[in-house]
Amino acid sequence: TDKFQEKKKNGTKTPRDVVIKLMKSEDQFKREIEKRIGLDPSLVVEVICTSDDFGIEGGRSKWGCGLEKIHSPLQTWTNYQFGIVMPAAECNLLTVLLQESVDLTLAKKIFASLAGALQHLHEHERIHGDFKPGNVVRMANGQWMLIDMDGAVSFDAPVGAKALSTAFVGPETTFKGENQEIGFRVPQKDNTGVEGTEETKEKAISEVLSPPELLKAHPTFDIWSFAVVLYRAIAHKPLLEADDRDNLRSKRELIILATWGPSALCDALADARAALVADGANAIVRLVACNLFGWCLQPKPQNRPQSFGEILAHPFFAATNGVSAVEVEEEERAGVAGVTEAQVLELSKGLKLTTRVHIAAELGGPLTI
């Protein structure tokens, strides 16, 4: 973060806090700019200016000269020929999840806003491609916004414009080679998705085969990532363990992802339900939250919601008879309303993948209605 003298139309300059993202790759730089075109700056953090705007003076890049004056631990600043300047955020979602209390009401508010932002991207026929807590920020006015558009690609274009954050991608990104090695369906040399020492990484790279076909961008790619982040907020644990670079921590996690199915999903839902019980959530909230996870985390993309409009219409977020699941939860805690079988059944109408057995389990006994 640094101070930036923003020149107004009347010629005056006003200092404001900004973030400068430095890049070595021109392709990455271009994606950051081009994939923002046409997007609402209240949903995706805008670019105030770029390294291209600084020009040349005395045979030297004014951008490069300016970097010398910025207090930064970077010693090799000359390698970063490209950069964008953006308004500074207050914090990112990862910080909030680790350091602040996020109850159900706040989680609903945050993730409804983020679902709307991702829906906006999809309406412009592009996916974010790297949705994770570190790429979501809270601005000074409290608005939650998306950053890092260098992983964004247009619908039906190959995914993998940048390295995947493998802890936040779905099982459809994986493939098995002839010798059962697991790789990712992206155009990268090192697509093992697992961090390690240089020796183990070199060995992994040498063993990876080219994918039979590249994965094409589709809204369900972001929908899986969204569900993984929401799961982290509700279950208070990651869906799959990640390292500090947001990649799967070990081969074990990679195998779980590649073979994701009913067993792994049931285990994940059991952990989410246990966390909700510990948080004092009632049967309605437990039912609709686990239903939403069960729907979004289907191994086959065609079985997930196909749009964020469907997600926002789900009872976890949307009102049923004027009252959403989380609002019923608040009323019950305030002693205004109790949970009845009729309420649970009403909220469960139209829920995909939910049976009367699930409903009965949340009520603690067989249905009488």
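## Exercises on a predicted model

In the loop that runs between strand S10 (144–146) and strand S11 (153–154), one finds Asp148. The model is a predicted one, and the exercises below begin with this residue.

**Exercise 1.** Describe the backbone and the surroundings of Asp148, and then do likewise for Asp246.

*Solution.* Begin with the backbone: Asp148 has a positive phi of about 55 degrees, although it is not a glycine. Next, take the accessibility: with a relative accessible area of 17%, Asp148 is buried, because buried means under 20%. Now turn to Asp246, a residue other than glycine whose phi is also positive, near 65 degrees. Asp246 sits in the loop between H6 and H7, and its relative accessible area of 22% makes it partly exposed.

**Exercise 2.** Find which residues of helix H7 are buried, and work out how they are arranged around the helix.

*Solution.* First, locate the helix, which spans residues 251–258, and note that Glu253, Leu254 and Leu257 are buried in it. Second, look down the axis of H7: the buried residues fall within an arc of 100 degrees, so they line one face of the helix. A general point helps here, since an α-helix has 3.6 residues a turn, so residues three or four places apart point the same way. Third, ask what lies over these residues: the cover includes strand S12 (174–176), strand S13 (182–184) and helix H6 (219–235).

**Exercise 3.** Lys176 belongs to strand S12; determine its exposure and its contacts away from its sequence neighbours.

*Solution.* At 47% relative accessibility, Lys176 counts as partly exposed. Once the neighbours within four places in sequence are left aside, Lys176 is in contact with Glu181, Ile182 and Thr259. As a further step, consider Ala258, which is 82 residues away along the chain: its C-alpha atom and that of Lys176 are separated by 8.4 Å.

**Exercise 4.** Compare how helix H9 packs with H8 and with H6, giving angle, distance and handedness.

*Solution.* Two packed helices are described by the angle between their axes and the distance between the axes. For helix H8 (residues 262–278) and helix H9 (residues 283–296), the axes come within 10 Å and cross at roughly 150 degrees. H8 and H9 are therefore roughly antiparallel to each other, and H8 passes H9 in a right-handed crossing. On the H8 side the residues that meet H9 include Leu265, Leu269 and Ala272, and their partners in H9 include Val285, Ala289 and Cys290. For H6 and H9, the angle is about 150 degrees, with the axes 9 Å apart, but this crossing is left-handed. Ile223, Trp224 and Tyr231 are among the H6 residues at this contact, where H9 contributes Leu292, Phe293 and Cys296.

**Exercise 5.** State how many disulfides the structure holds, and describe the exposure of Cys266 and Cys290.

*Solution.* The structure holds 0 disulfides. Cys266 is partly exposed, with a relative accessible area of 48%, whereas Cys290 is buried, at 12%.

**Exercise 6.** Place His120 within the chain, and then consider the chain as a whole.

*Solution.* His120 lies in helix H4 (residues 104–123), where its 13% relative accessibility makes it count as buried. Apart from neighbours within four places in sequence, His120 is in contact with Gly38, Leu39, Asp40 and Leu43. Over the protein chain, the secondary structure comes to 13 helices and 13 strands, and buried residues make up 47% of the 369 residues.

How values were computed
Residues numbered from 1 in each chain as written. Predicted model: local features only at pLDDT ≥ 70, side-chain atom pairs only at ≥ 80, totals over all residues. Heavy atoms only, no water. Buried < 20%, exposed > 50% of the residue type's maximum accessible area, 1.4 Å probe, protein only. Helix = DSSP H or I, 4+ residues; strand = E, 2+ residues; numbered from the N terminus. Arc of directions from axis to C-beta. Contact = heavy atoms within 4.5 Å. Disulfide = S-S within 2.5 Å. Axes fitted to C-alpha atoms, helices over the stretch in contact; angles between N-to-C directions. Parallel < 35°, antiparallel > 145°, perpendicular 65-115°, else oblique. Left-handed = near helix turned anticlockwise from the far one by under 90°.
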